[in-house]
Structures are given as structure tokens and as C-alpha cells.
Amino acid sequence: MSLRYASRVFYQSGMRVVQLVKDHASKLETNLRSLKDSSSSSSSSSSSKQARRFSNTVDSGTVKAAAATNERLKQAEESLRTVMFLSCWGPNS
């Protein structure tokens, strides 16, 4: 397997990972919005209070998940940069 072929494979897999992470983050954001909207439009009944508690729990969980997702995204981008750098400036074989 040549270095050029390997760099293409790494580049394509990195791009797929970045796209999957972005898709997953947008789905989480949509779900979070719908939960917030449903909790804010409810009356102040016990189910509304439970929804608010759940929403607050989801908010703190999604902040941690978003931070982890952001970190993975940064790592994927950095590895992609490394592969691109090596494919452009690395040794020619």
C-alpha cells in the first residue's frame, strides 16, 4: 500500500468522522430544543415540573456530551491536518 493511497484513506475516513460528529451534534441539539420547548409551553403542573427537572438534567448531561464531542472533533481535525501535511510535504516515495 503506497503512502499516497494511505493518505487518501485517512483523509476520507477523517472527513466521515467529522461529518458523523456534526450530524450527531445537530440531532442532540434538535432533541434538546424540543425538550426545552415542551417544558416551557406546559402549565405549572407536576408534569411540567418533572419536565423542567428532566430538562435541567439533560442540559448538564448535554454540556458534558458536547464538550466530549467537541474534543473528539478537535482530535479528528488535528489528525486530518497531520495527514494532509504529510501527504503534501512528507517524503515522496
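Pro91 lies in the segment after helix H2, which spans 46-89. The model is predicted. Pro91 is exposed, with a relative accessible area of 66%. That value is over the 50% cut-off, so Pro91 is classed as exposed. Along the chain, Pro91 and Leu3 are 88 residues apart. In space, their C-alpha atoms are separated by 9.2 Å.

The overall fold was examined next. The secondary structure of the chain comes to two helices and zero strands. Helix H1 covers residues 3-41. Helix H2 covers 46-89. The chain has 93 residues, and 17% of them count as buried. Its accessible surface comes to about 7400 Å². Carbon and sulfur atoms account for 58% of that surface.

Ser7 is placed in helix H1. Its relative accessibility is 13%. Ser7 counts as buried because this value is under 20%. The side chain of Ser7 reaches the backbone oxygen of Arg4 at a distance of 2.7 Å. Ser7 also touches Val83 and Ser87, with residues up to four places away in sequence not counted. Val83 falls within the 46-89 range of helix H2, and so does Ser87.

Met15 is likewise in helix H1. Met15 is partly exposed, at a relative accessible area of 38%. Together with Tyr11 and Met84, Met15 makes a nonpolar surface patch. The patch has an area of about 250 Å². Residues need over 30% relative accessible area to join a patch, so Met15 at 38% meets that condition.

Charge pairing was then considered. Side chains of opposite charge can pair when their charged atoms come close. A search of the whole structure finds one salt bridge. Arg81 forms a salt bridge with Glu78. The closest N and O atoms of Arg81 and Glu78 are 3.3 Å apart. Both residues lie in helix H2. Arg81 and Glu78 are three residues apart, about one turn of the helix. Glu78 has a relative accessibility of 44%. This value lies between 20% and 50%, so Glu78 counts as partly exposed.

Note on methods
Residues are numbered from 1 along each chain as its sequence is written. This is a predicted model: local features need pLDDT of at least 70, side-chain atom pairs count only at pLDDT 80 or more; totals for chains, interfaces and linings use all residues. Side-chain values use heavy atoms; hydrogens and water are left out. Patches are made of residues with over 30% relative accessible area and no salt bridge: like charges are joined within 9 Å, nonpolar side chains (Val, Leu, Ile, Met, Phe, Trp, Tyr) within 5 Å. Accessible areas come from the Shrake-Rupley method with a 1.4 Å probe; for residues, only the protein chains shown count as cover. A salt bridge is a side-chain nitrogen of Lys or Arg within 4 Å of a carboxyl oxygen of Asp or Glu. Helices (H or I, at least four residues) and strands (E, at least two) are DSSP runs, numbered from the N terminus. Buried means under 20% relative accessible area, exposed over 50%, partly exposed in between (1.4 Å probe, protein chains only). A polar contact is a pair of N or O atoms within 3.5 Å; within protein, one must be able to donate a hydrogen and the other to accept it, and residues adjacent in sequence count only if both atoms are side-chain atoms. Contact means heavy atoms within 4.5 Å.
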